[in-house]
Structures are given as structure tokens and as C-alpha cells.
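User: I'm new to this one, so could you walk me through how its ligands are placed and how each label is justified?

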Amino acid sequence: MDVTSLNERAPACADKYRNSTSKWTVAAVEELYALPFNDLIYRAQAIHRDHFDANAVQLSTLLSIKTGGCPEDCGYCPQAARYHTDVDNEALMSVGEVVAAARCAREKGATRFCMGAAWRGPKQRDLERVIDMVKAVRGLGMETCATLGMLKPGQAQQLKAAGLDYYNHNIDTAPEFYGEIIRTRTQDDRLGTLDQVREAGLHVCCGGIVGMGESRRTRAGLIAQLANMDPYPESVPINNLVQVEGTPLHGTEPLDPFEFVRTIACARITMPRAVVRLSAGRQDMSEGIQALCFLAGANSIFYGEKLLTTGNPEVEKDAALFARLGLRPMESENAGSNR
Ligand code: SAM
Ligand code: DTB
Ligand code: SF4
């Protein structure tokens, strides 16, 4: 079947699921989740093809520029100072070290470099060094992304002026479940930073984590909340919880992998123009499930042997998977836009 006939036979536009104010209701997203698997994937793939090259996948490499010792209490995170994990604390890296890592990522084929810091938010003195990192990585011709925690007024503008392309700040889960996972800040705090990021003209990278023991309704609530942002994020990372010994969520019942694929499909259907990233959790995922995620509309991955502190598939393994599936890296200018 060619692409045209696939699109012609696709079910009617997803808009029929929106309520009168054009918002996604949690119930409507739950209805998507409840579709027979083949119907859900078919619909997601059709929408994916309407907006993207179905065989192109964006490659981002992550680097933890400041590791561990974080004052926050996120129940999933190995970098929170209060949990006893194997993560060693490391101070903010030098600009030279970061540029060397970015150059290496570029040589391996990454087009975006994402710098993550285990902070509640950056101090101004630290932000100044991050700004130098952003300028230097931009100078290598790569897209830049940073995830530094909550921003104070003016900080998003400074990052934008330095040439930052994306700011990652996840809402993590649906509002009603948030307080069970994180108590040192509220989800409204996160939304405040996201507003500042959007107002500064940065692209928004915002998603969440599944597999934290939440219900399907909570997963639907996460997707609805992301889809109802106006505009919705340009980049939507969907993380499967990486269970790390010493964190409160270690030992949680793992999510059915097909439910993870369904979550990707729901993100694709509700946010047709966003780049949906199959994020943390790939190392424990079979290649078959990853292939289903690409079929369901995932078109970005973290690429390189490490996420921030935990493992990710080897570059050679991903290259072999891409070859077997006929996938190719997405050119930077093809990255999603929701405008
Ligand atoms: N400290 C900053 C913050 O929280 O925004 C930036 C770094 S933080 C590690 C970035 C994101 O990584 C979190 O919002 C969370 O969604 C994700 N994350 C952290 N630990 C994870 C884990 N064990 N499994 C899956 N995702 C995780
Ligand atoms: C996102 O949503 N996932 C990435 C990135 N944004 C910063 C982080 C995943 C972290 C997984 C646990 C770790 O390696 O420490
Ligand atoms: Fe700190 Fe971010 Fe980890 Fe939360 S997710 S503990 S804020 S590094």
C-alpha cells in the first residue's frame, strides 16, 4: 500500500475527539488508549505521515553537565541528594569538556546536543557558564537544548540570546499524580517556567514519564495536558521509567510495553506536528517494541551510550536497527513546528 492510499483510508481527523473549546478531554484521550491496538497504530501512523517523513528520526545526544547532589525529591531520579544511589556528584563541567563531548556526538551523527544539570534551577553565575557552552555548541553547527530546572525571570531570555534552540522542562505526569512523585515543587511551578521559555521565543521540549505505577487515566491526563498547551510543545519526550536502586520508585511494577507504544500513539495523534521522542527506557526495550514506537509516530531518540546517568543503547546497535528498519537520521531543518 502506498502512502497516499494509507492516508485516504485513515479514519477521520482526530478533531472529532476534541470538546467544544477545542481542548482534548482526558476521557477523549482514554478513548484513544482503549482502541484496538491495530486501529490506534494505524491512526497514529496516518497522522504521522501527514506531517512528517515517516522514515526519518531525529538524533539528540545528552550530556550531564552537572551531576548529582540535587536538592529536589523527584521519586524517579537517581540524582536527588536524598536518595542513596550509585551516582557520584560532579561539579559543573568546563566549557572545553562540553565542546569536546558535543564534537564527538556530532561525529557520530547527532544533530542536537542536550545539556542537563541536576539543579532545582541555575544560579546566575552557573548560568553564565552554560551560556558559554550554548554559544560554543551552536558554533559547531548543532542544535542546542538545555534542561537546567526552574528558571528565574530573565534567564530564559539570556539563554535565547546565547542561541539556545530548545529548553526541556517536563511536566512528568498528570496533575493529580504529581504530588505523589514530587513534593519539593508543584506542577504549577513547572508551568511557570514553561511560560517563560515560550515567552522568550525558545522552542519548548516538554513531556513526561510513564511506568511510575500510574493508572491509564493518569497517562491520558498527562497526554491531554501536553496537547492542550497553547501551542503544544514542539518536542515531546515520552520516558519509560528507568528504575534505579535507591530511588523510591525502584521496584515499581513495570508497564506493559504495548501500553508504552499506545502512549506514543496518543501523543502523535493529539500533537500531530510535534516531534515525539522515544526517550528514557530504550535500553530495556526490545527492538520489536522500539519498531512499534516508530510505527506509532515516535520520530526522535536519544543517541549515545548514556542518557544523563543511566545507560542507553550503543550507537552501533542503533545504527544496525535503523538499517534493518530502513530509518535514517532527520535533517535539522525537518524538526517539528506546531505553528
Ligand atoms: N533537574 C532538571 C529538571 O528536573 O528539570 C533537569 C534534569 S532532569 C534529570 C530531566 C528529566 O529527566 C526529568 O524531568 C524526568 O522527566 C527525566 N528523568 C529523570 N530521571 C528519570 C528516570 N529514572 N527515568 C525516566 N526519566 C527520568
Ligand atoms: C527527558 O525527558 N529525558 C531525558 C532528558 N529529558 C533530559 C533524561 C532522562 C534521564 C534518565 C535517567 C538518567 O539517565 O539519569
Ligand atoms: Fe533534581 Fe531534576 Fe532529578 Fe528532580 S529530576 S531530582 S530536579 S535532577
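User: Which space is taken by ligand 2?

Analyst: The model is predicted, so keep that in mind. Ligand 2 takes up the space of the largest cavity. A molecule counts as sitting in a cavity if more than half of its atoms lie within 2 Å of the cavity's grid points, so ligand 2 passes that test.

User: What makes that space a cavity?

Analyst: A cavity is a set of points where a 1.4 Å probe fits but cannot get out. The structure holds one such cavity of 30 Å³ or more, and about 800 Å³ of space lies in the largest cavity. Strand E2 (112-117) and strand E7 (235-240) are the elements that give two or more residues to its lining.

User: How many residues line the largest cavity, and which lie nearest its centre?

Analyst: It is lined by 37 residues, with Tyr-76, Cys-77, Gln-79, Asn-170 and Leu-308 nearest the centre. By class, that lining has 21 nonpolar, eleven polar and five charged residues.

User: Why does the pair between ligand 2 and the side chain of Asn-239 count as a polar contact?

Analyst: An oxygen atom of ligand 2 is 2.9 Å from an N or O atom in the Asn-239 side chain. The cut-off is 3.5 Å, so the pair qualifies. The side chain of Thr-310 has an N or O atom 2.8 Å from an oxygen atom of ligand 2, and for Asn-168 the distance to a nitrogen atom of the ligand is 3.2 Å. The protein covers 88% of the 410 Å² of accessible area that ligand 2 has on its own.

User: What about ligand 1: where does it sit, and which residues are closest?

Analyst: The space taken by ligand 1 is the largest cavity too. Ligand 1 is surrounded by 16 residues, the closest being Tyr-76, Asn-170, Asp-172, Arg-190 and Val-242.

User: How do you know that Asp-172 makes a polar contact with ligand 1?

Analyst: A polar side-chain atom of Asp-172 lies 2.7 Å from an oxygen atom of ligand 1. That falls within 3.5 Å, so it counts. Backbone atoms take part as well: a polar one of Val-242 is 3.0 Å from a nitrogen atom of ligand 1, and an N or O atom of Trp-119 lies 3.2 Å from a nitrogen atom of the ligand. For ligand 1, the protein covers 91% of the 550 Å² it has on its own.

User: And what makes up the shell around ligand 3, by class?

Analyst: Seven nonpolar, no polar and two charged residues. Glu and Arg count as charged, so Glu-72 and Arg-185 are the charged ones. Ligand 3 sits in the largest cavity.

How values were computed. Residues numbered from 1 in each chain as written. Chains lettered and ligands numbered in written order. Predicted model: local features only at pLDDT ≥ 70, side-chain atom pairs only at ≥ 80, totals over all residues. Heavy atoms only, no water. Polar contact = N/O pair within 3.5 Å; in protein donor to acceptor, adjacent residues only side chain to side chain. Areas by Shrake-Rupley, 256 points an atom, 1.4 Å probe, with all protein chains shown as cover. 1 Å grid on protein atoms, 1.4 Å probe; cavity = no way out; pocket = protein on both sides within 12 Å on 5 of 7 lines; lining within 4 Å. Near = heavy atom within 4 Å. Points joined across faces, edges and corners; volume = space filled by probe spheres on them. Helix = DSSP H or I, 4+ residues; strand = E, 2+ residues; numbered from the N terminus.
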